[in-house]
Amino acid sequence: MNWNQFIRQGHRWISILFTLAVIANIAAMMQGEPPIWVGLMALFPLILLLISGLYLFTLPYIARARRG
């Protein structure tokens, strides 16, 4: 598995974690005022998704620039 495939697969798994964190956040909010850590629980996967998503977004442009 090369580096790009590793990032792509990681991006997919992180998106699943982010979705679960958002669902947990919604469930906690339905039961009243949630603790602050519940709201921040989705922030870490979101930052990782941003970084990996920007990397994956730029891949075609980098490849095109290398070809000439």
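**View 1. A kink in helix H3 of this predicted model**. Start at leucine 59, where H3 bends by about 35°. The kink comes shortly before a proline, proline 60. The end C-alpha atoms of H3 are 37 Å apart, and this agrees with the 36 Å that its 25 residues should span at 1.5 Å a residue.

**View 2. The buried residues of H3**. Here you can look for Pro45, Leu49, Ser52, Leu56 and Leu59, which are buried in H3. Leucine 59 is thus a residue to find in two views: it is buried, and the kink lies there too. What do the buried residues of H3 pack against? Their partner is helix H1, which covers residues 3–30.

**View 3. A nonpolar patch on the surface**. Now turn to a patch of about 1200 Å², with Trp37, Met41, Phe44 and Ile51 among its residues. Two elements each give two or more residues to the patch: helix H2 (36–40) and helix H3 (43–67). Which of them supplies the largest share? That is H3, with 8 residues.

**View 4. Isoleucine 51 up close**. This residue sits in helix H3 and belongs to the nonpolar patch. Is isoleucine 51 buried or exposed? Its relative accessible area is 53%, so isoleucine 51 counts as exposed, a word used here for values over 50%.

**View 5. Just past the end of H3**. Follow the helix to its finish and you meet glycine 68. The phi angle of glycine 68 is positive, near 115°.

Key. Residues are numbered from 1 along each chain as its sequence is written. This is a predicted model: local features need pLDDT of at least 70, side-chain atom pairs count only at pLDDT 80 or more; totals for chains, interfaces and linings use all residues. Side-chain values use heavy atoms; hydrogens and water are left out. Patches are made of residues with over 30% relative accessible area and no salt bridge: like charges are joined within 9 Å, nonpolar side chains (Val, Leu, Ile, Met, Phe, Trp, Tyr) within 5 Å. Accessible areas come from the Shrake-Rupley method with a 1.4 Å probe; for residues, only the protein chains shown count as cover. A salt bridge is a side-chain nitrogen of Lys or Arg within 4 Å of a carboxyl oxygen of Asp or Glu. Helices (H or I, at least four residues) and strands (E, at least two) are DSSP runs, numbered from the N terminus. Buried means under 20% relative accessible area, exposed over 50%, partly exposed in between (1.4 Å probe, protein chains only). The expected span of a helix is 1.5 Å times one less than its number of residues. The bend at a residue is the angle between axes fitted to the seven residues ending there and the seven starting there. Contact means heavy atoms within 4.5 Å.
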